[in-house]
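The exercises below can be worked with the sequence and the 3D view side by side. Each one sets a task and then goes through a solution step by step.

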Amino acid sequence: MRFEARILPDAAVPPRIRPWSLHRIVTIVPVAVGVMLCATVAAIIVLNARIAIDEETSSAFRTAQATVAVRMPPRFAGQDTMGQAMQLAAEIDALRHLSAFVTDNHGHPVTPHAEGAALTEDQAPGWFSDLMRPELRSDRVPISHYPNVLGWLVIQTDPADEIAEVWEDFRIIMPLLALTCAALVGMSMGFSRLILRRLRAIQEALGAMRQGDLDRRAPPDRLAEFAALANGVNALADHLTSQRAENRQLQARLLTLSETERAKIASDLHDDMGPQLFALNAALSQARAAAREVSGPGSAQLDDALRAILVHAGAVRDTARTAINDLRPMLMGHGSLPELLGELVAEFAEIAPDVAIDLDCDGRIAASEPAETAIYRFVRESLLNAVRHGKARRIRIEMRRTQDQIVTQLRDDGRGPSGRGSAGGHGLAGIRDRARALGAAFDPPRRVGAETVTELRMPHR
């Protein structure tokens, strides 16, 4: 049967969504809305004012045309036609939205413009006047005295005064509108900071919970939504705390059952194999004594065979003893934890006589049986790693009791962790599991200067 591995295309992997910043959104959106609002209001003001100015100037222009048609003296009247035209031009020029003057036949002005209109136009900036000024209207009426044409009465629309009034309103309305938008943006930014501050407090509580600090709680809040969110986070923390306590109880129960089973196996091995191995050694000793009295060509070979069997029996005895010690290295009731650690150091001194092992331990330290077993196994595994893997020549063991912990620390001058499975071996994994089950903190081997340090902090409550 052949199995084929298929690789999913890149399209099957959902793209990672880039998160948006709430503070940036709350800042950018009101600013954009404020700018659009100001631009819209300005455009509406300009368009409406431009239409109104065009209508008013057109109406005034038509009225001026009618006035000139009625009051302009006829060419056969025999009166002072030029004088009356100049007077009429002055009256029209004095009106709003209009400009009137008299020119000669060559187009040169005979009467000047009214000064008020020019001054009024100067009150608005040039760009605003160009933006607001509608299409100018103009009309030329001949001034005649039969049979000659004396000049021309020119009438034009002049929206400068109306533009000045619109500019006065515009420069008051737009700053007020801009200040209003700025105030709204400031309010939105303030509210966003208030919201983000509350969210950050809840996020910090969740981060502490993620790091294992389940005693951390989200602060209470007067806002109903944030209060509900904080209550949910705190309820989650309470649930995780209860689950952690339940898990620790289950792990401690499993650990106790495991130690009980290991002790039973060790006891069975000791009770069953011990007498049998003793009887075997006794029988071999008797057989060797009897073989010495046998003479003949096969006596030497028989003695060698019996000696080899005796050596193998001793090896089986040592292996069984090691297995029993591994299954239950401590015999509770046969000594305190400091005494058992002293015996362990003495055993390692026999195994590795060239390694100097110092034990600094308070003889009054005592804990529960599972805790003492975990500490003993921690020291034994750490010594084994330092001697076998670290090639240490000097090891120091310190065990002290603080207010709420039993701190056991090992320091050695060995090579330390190699970085390839040093933190994930079976021995260290077992120590880590035991520490987690008993609520202890285990620091795997790490380099501190020229030394390798590992530590176990066991609560004694």
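**Exercise 1: A salt bridge between two strands**

In this structure, the side chains of Arg457 and Asp443 meet in a salt bridge, with 2.7 Å from N to O. Task: state which elements hold Arg457 and Asp443, and how many residues apart in sequence the joined parts are.

Solution. Begin with the source of the coordinates, since this is a predicted model. Arg457 belongs to strand S8 (residues 451–459), whereas Asp443 belongs to strand S7 (residues 441–448), so the pair ties together parts that are 14 residues apart in sequence. The general background is that side chains of opposite charge can pair when their charged atoms come close.

**Exercise 2: Arg96, Glu162 and their network**

Task: find the salt bridge between Glu162 and Arg96, and decide for Glu162 whether it is buried or exposed.

Solution. Step one is the distance: the closest N and O atoms of Glu162 and Arg96 are 3.2 Å apart. Step two is the location: Glu162 sits in helix H5 and Arg96 in the loop between H2 and S1, so this pair ties together parts that are 66 residues apart in sequence. Step three is the accessibility, for which buried means under 20% relative accessible area. Glu162, with a relative accessible area of 11%, is buried, whereas Arg96, at 42% relative accessibility, counts as partly exposed. Step four widens the view: Arg96, Asp161, Glu162 and Glu165 are linked in a network of salt bridges. A search of the whole structure finds 17 salt bridges.

**Exercise 3: Arg216 and Glu204**

Task: describe the salt bridge between Arg216 and Glu204.

Solution. The side chains of the two residues meet with a distance of 3.8 Å from N to O. The pair links distant parts of the chain, 12 residues apart, with Arg216 in the loop between H5 and H6 and Glu204 in helix H5. For the accessibility, Arg216 counts as partly exposed at 33%, and Glu204 is partly exposed with a relative accessible area of 43%.

**Exercise 4: The sheet of S1, S2 and S3**

Task: work out what order the strands have in the open sheet of three strands, and which are the edge strands.

Solution. The order is S1-S3-S2, with antiparallel pairing. The edge strands are S1 and S2, each of which pairs on one side only, and the twist averages 20° from one strand to the next. Turning to a single pairing, strand S2 (residues 138–145) and strand S3 (residues 148–157) pair in the antiparallel sense over eight bridges. A hairpin of two residues joins S2 to S3, and Pro142 stands opposite Trp152 in S3. Finally, consider the helices that lie across S1, S2 and S3: helix H1 (residues 22–71) does so while running at about 160° to S3, and H2 does so while running at about 160° to S1.

**Exercise 5: Positive phi outside glycine**

Task: say where His97 is found, and what phi it has.

Solution. His97 is found in the loop between helix H2 (81–93) and strand S1 (98–103). Its phi is positive, about 70°, although His97 is not a glycine. The background for this step is that most residues other than glycine have a negative phi. At 9% relative accessibility, His97 counts as buried. Another positive phi, of about 55°, belongs to Lys391, which is not a glycine either, and Lys391 is found in the loop between H9 and strand S5 (394–401).

**Exercise 6: A nonpolar patch on the surface**

Task: identify which helix gives the most to the nonpolar patch.

Solution. The patch on the surface is formed by Leu22, Leu184, Met187, Phe191, Ile195, Leu199 and Leu229, with about 610 Å² of accessible area together. Helix H5 (residues 160–210) gives the most, with five residues. Leu229 lies in helix H6 (residues 224–292) and is partly exposed, with a relative accessible area of 38%. For the protein as a whole, the accessible surface comes to about 29000 Å², of which 58% belongs to carbon and sulfur atoms.

Note on methods:
Residues numbered from 1 in each chain as written. Predicted model: local features only at pLDDT ≥ 70, side-chain atom pairs only at ≥ 80, totals over all residues. Heavy atoms only, no water. Patch = residues over 30% accessible without salt bridge, like charges linked within 9 Å, V, L, I, M, F, W, Y side chains within 5 Å. Areas by Shrake-Rupley, 256 points an atom, 1.4 Å probe, with all protein chains shown as cover. Salt bridge = Lys/Arg side-chain N within 4 Å of Asp/Glu carboxyl O. Helix = DSSP H or I, 4+ residues; strand = E, 2+ residues; numbered from the N terminus. Buried < 20%, exposed > 50% of the residue type's maximum accessible area, 1.4 Å probe, protein only. Pairing = 2+ DSSP bridges. Axes fitted to C-alpha atoms, helices over the stretch in contact; angles between N-to-C directions. Contact = heavy atoms within 4.5 Å.
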